[in-house]
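Welcome! Here is a friendly first walk through one protein model, to be read with the sequence and the 3D view side by side.

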Amino acid sequence: MDAFTSRVRRTIGIDGLISTVIGALITIWPEKSASFVAGMIGFAFFAIGVSKFLVSARNTDQGNANRIIGIIMSILYMVAGLFIFIDIETATLSLFIVVGVFTGLTWVIEGVVQMSVINRLGSNRVWPFISALISLLAGITLVVSPFFGGLLLWEFLGIMLLVVGIVKLVQFAAIRQ
């Protein structure tokens, strides 16, 4: 096997292993894995706040108003990160709700756009109409019940990562050395 094929095979194997592990963790422990993600977001907010604070406090080249705004923004980031760590359970629930609402709104907008484009299509308008209707109904459902929709999307992500990971591991094994 040449060097390129070997690298591609190794990349597929690593990708498959990572996807399988993450997909299994999300599927088996959806709440704990979402709490971990919320914790990572909290850590990122806090780290961003600290770095912005250090930059704003040390940078004397910018005006006082910009420094004050930078310091206020950094404090807001740090407080947001701390709030996530203080109540990780609520942060996890909020994560599901945000995912549900944003996905729902995206699907509603997609459905509306599809409905407005249907008249410009040729004679076959049935399938675009069905697609637009499904997008609208799914989006409205998610907006009305964002927590359960977000949890369902999280579970679906886990299952898809698990399936993709297993397929990649099979592909890894199928590529001969």
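Which residues make up the largest nonpolar core? That core consists of Ile-26, Ala-34, Phe-96, Leu-151 and Trp-154, 5 residues in all. A nonpolar core here is a set of buried Ala, Val, Leu, Ile, Met, Phe, Trp, Tyr and Cys residues joined through side-chain atoms within 4.5 Å. Buried means under 20% relative accessible area, exposed over 50%, and partly exposed in between (1.4 Å probe, protein chains only).

Before going further, please note that this is a predicted model, in which local features need pLDDT of at least 70 and side-chain atom pairs count only at pLDDT 80 or more, while totals for chains, interfaces and linings use all residues. Residues are numbered from 1 along each chain as its sequence is written, and side-chain values use heavy atoms, with hydrogens and water left out.

**Around the core and helix 1**

Contact means heavy atoms within 4.5 Å. Leaving out residues up to four places away in sequence, Ile-26 touches Ser-33, Trp-154, Glu-155, Leu-157, Gly-158 and Leu-161. Thr-20 belongs to helix 1, residues 3-28; helices are DSSP runs (H or I, at least four residues), numbered from the N terminus. With the same sequence neighbours left out, Thr-20 touches Leu-161, Leu-162, Gly-165, Ile-166 and Leu-169.

**A salt bridge**

A salt bridge is counted when a side-chain nitrogen of Lys or Arg lies within 4 Å of a carboxyl oxygen of Asp or Glu. By this rule there is 1 salt bridge, and its partners are the side chains of Lys-168 and Asp-15, 3.0 Å apart from N to O. Lys-168 lies in helix 6 (residues 146-174) and Asp-15 in helix 1, so the pair ties together parts that are 153 residues apart in sequence. Side chains of opposite charge can pair when their charged atoms come close.

Here is how some residues of this tour compare in exposure:

| Residue | Relative accessible area | Class |
|---|---|---|
| Thr-20 | 16% | buried |
| Lys-168 | 23% | partly exposed |
| Asp-15 | 31% | partly exposed |
| Phe-53 | 32% | partly exposed |
| Val-144 | 66% | exposed |

**Helix 3 and the nonpolar patch**

What covers the buried residues of helix 3? The cover includes helix 2 and helix 4 (88-118). The buried residues of helix 3 are Gly-70, Ser-74, Met-78, Gly-81 and Ile-84. The 23 residues of this helix should span 33 Å at 1.5 Å a residue (1.5 Å times one less than the number of residues), and its end C-alpha atoms are 32 Å apart, which agrees.

On the surface, Val-50, Phe-53, Leu-54, Ile-75, Val-79, Leu-82, Phe-83 and Ile-86 make a nonpolar patch of about 690 Å². Helix 2 (30-58) and helix 3 (64-86) are the elements that give two or more residues to the patch. Helix 3 gives the most, with 5 residues, while Phe-53 has its place in helix 2. Such a patch joins nonpolar side chains (Val, Leu, Ile, Met, Phe, Trp, Tyr) within 5 Å, from residues with over 30% relative accessible area and no salt bridge.

**Helices 4 and 5**

Val-108 lies in helix 4. Beyond its neighbours within four places in sequence, Val-108 is in contact with Ser-135, Leu-136, Gly-139 and Ile-140. Val-108 and Leu-137 are 29 residues apart in sequence and 7.6 Å apart in space, C-alpha to C-alpha. Val-144 is found in helix 5, residues 126-144. The C-alpha atoms of Val-144 and Gly-100 are separated by 9.2 Å, with the two residues 44 apart along the chain.

Terms used: Patch = residues over 30% accessible without salt bridge, like charges linked within 9 Å, V, L, I, M, F, W, Y side chains within 5 Å. Areas by Shrake-Rupley, 256 points an atom, 1.4 Å probe, with all protein chains shown as cover.
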